[in-house]
Amino acid sequence: MGTIKSTVLWGAFVCCGWAWGQDAELKTAGNQASNDPFADDTTLGGGLGYSGGISPERKDRVTATLLIRSEIYEISALKAVELLDEYEEDVVALRAALLKLAAKKEVELVDTCALRADAGITASAEGIAETIYPTEYEPPEVPRILASITQEEAASEPVPGKDIALRFLQEVANDATPTAFETRNTGSTTETEVRTVEAEEGTWDVRWAPEMVQLAGESSWQDGALTMPIFTSSRLNSSFRVKDGAWTLTGMMAVGRVEGGIDAEKKRIFLLRVKRVR
């Protein structure tokens with residue numbers, strides 16, 4: 001069962017918490033203004049901790065604004081090795097080759113993201129759907145099941161004890177009640193942190209953590225009475241130094257299979273570019 005959830009609580013917060021916000025502002029405005037240079041300056045007025053202004057310390061701070069782009073390609077393992085042998089030192093040419101193959105449907109562009117953020121902060125983006133599934137079950141009443149099986153078997157010809165045992169397990173699975181659930185986000189998420197390199201102008205220190213999770217299928221027991229989802233995921237968490245505006249090959253990894261294990265015939269290639277736009 002999959003759901004996509006989006007909840008908006010701002011209106012209720014404003015209506016129910018206005019008086020509290022006015023009182024809390026008087027108690028906390030001085031601390032916020034002195035301890036957090038990036039917080040709104042609540043000493044300038046306004047309610048609920050918002051003034052409509054920017055603190056003087058933040059106004060005087062020079063911050064680089066960046067456009068962070070990422071692309072993830074899925075490709076056959078053999079073709080990936082051939083491309084890396086040819087374009088390992090020229091990532092621009094590697095990306096051009098991947099785009100050309102994607103246009104021919106020989107390579108799949110499985111994810112792309114563009115994120116605008118200031119240097120020195122952690123920025124994230126996600127496009128997800130929630131998959132909620134049961135993890136624990138409460139068994140039904142055993143005497144009731146035994147009575148049901150006994151009555152049905154008594155009305156027919158005798159059957160081996162093994163068949164009765166299998167029938168019992170099937171009835172238990174059919175009548176089991178889910179009692180605990182878990183939620184797994186499927187889709188893509190990315191978290192990026194970029195910092196200035198003082199010693200090398202025109203370069204950035206990057207920490208990048210993209211993740212892709214897909215609902216690949218379901219596994220079942222007792223003729224489908226009990227099912228569990230199968231997820232595949234690709235996750236990268238790395239830190240590196242890049243030149244401004246240059247595409248960088250950040251990693252290549254295997255792809256999970258629906259049946260479990262790793263698909264040795266497929267790889268995913270991760271590319272990233274950080275460019276200063278202001």
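Buried residues account for 32% of the 278 residues in this chain, and the model you are looking at is a predicted one. Six helices and 10 strands make up its list of secondary structure elements. The accessible surface of the chain adds up to about 17,400 Å², and carbon and sulfur atoms own 52% of that surface. Among contacts in the chain with a separation of 6 or more, 68% are between residues 24 or more positions apart. Let's walk through a few places worth finding in the structure.

**An open sheet of four strands**

- Look for the sheet whose four strands come in the order β3-β2-β10-β9. The sheet is open, and its pairing is antiparallel.
- Why do β3 and β9 each have one side without a neighbour in the sheet? They stand at the edges and each has a single partner strand, so one side of each is left free of a neighbour in the sheet.
- On average, neighbouring strands of this sheet are turned by 20° against each other, with direction ignored.
- Zoom in on β2 (residues 65-76) and β3: these two strands pair in the antiparallel sense, and 10 bridges link them.
- For one spot along this pair, find Ser 70, which stands opposite Cys 113 in β3.

**Val 110, a residue of β3**

- Val 110 sits in strand β3, which covers residues 108-118.
- Which residues does Val 110 touch, if those up to four places away in sequence are not counted? They are Ile 72, Tyr 73, Glu 74, Met 212 and Arg 268.
- Val 110 also shows how a chain can bring separated positions into one region: Ser 188 is 78 residues from Val 110 in sequence, and the two C-alpha atoms are 9.8 Å apart in space.

**Two helices across the sheet**

- Helix α3 lies across β2, β9 and β10, and runs at about 130° to β2.
- Helix α4 lies across β2, β9 and β10 too, running at about 55° to β2.
- A pair of packed helices is described by the angle between their axes and the distance between those axes.
- For α3 (residues 77-87) and α4 (residues 91-103), the angle is about 145° and the axes are 9 Å apart.
- Is the crossing of α3 and α4 left-handed or right-handed? α3 passes α4 in a right-handed crossing.
- On the α3 side of the contact you will find Lys 79, Leu 83, Leu 84 and Tyr 87. They meet Val 91, Ala 93, Leu 94, Ala 97, Leu 98 and Leu 101 of α4.
- Sorted by type, the residues of this contact are nine nonpolar, one charged and no polar.

**Two buried threonines**

- Thr 186 belongs to strand β5, residues 177-196.
- Thr 186 counts as buried because its relative accessibility is 11%, and buried means under 20%.
- Not counting residues up to four places away in sequence, Thr 186 touches Gly 127, Ile 128, Ala 129, Thr 131, Val 213, Gln 214, Leu 215 and Phe 231.
- Thr 232 is found in strand β7, residues 226-235.
- Is Thr 232 buried or exposed? With a relative accessibility of 11%, Thr 232 counts as buried.
- Leaving aside neighbours within four places in sequence, Thr 232 is in contact with Met 212, Val 213, Gln 214, Ala 216, Gly 256 and Arg 257.
- Compare the two contact lists: Val 213 and Gln 214 touch Thr 186, and Val 213 and Gln 214 are in contact with Thr 232 as well.

Conventions
Residues numbered from 1 in each chain as written. Predicted model: local features only at pLDDT ≥ 70, side-chain atom pairs only at ≥ 80, totals over all residues. Heavy atoms only, no water. Buried < 20%, exposed > 50% of the residue type's maximum accessible area, 1.4 Å probe, protein only. Contact = heavy atoms within 4.5 Å. Axes fitted to C-alpha atoms, helices over the stretch in contact; angles between N-to-C directions. Left-handed = near helix turned anticlockwise from the far one by under 90°. Nonpolar A, V, L, I, M, F, W, Y, C, P; charged D, E, K, R; others polar. Pairing = 2+ DSSP bridges. Areas by Shrake-Rupley, 256 points an atom, 1.4 Å probe, with all protein chains shown as cover.
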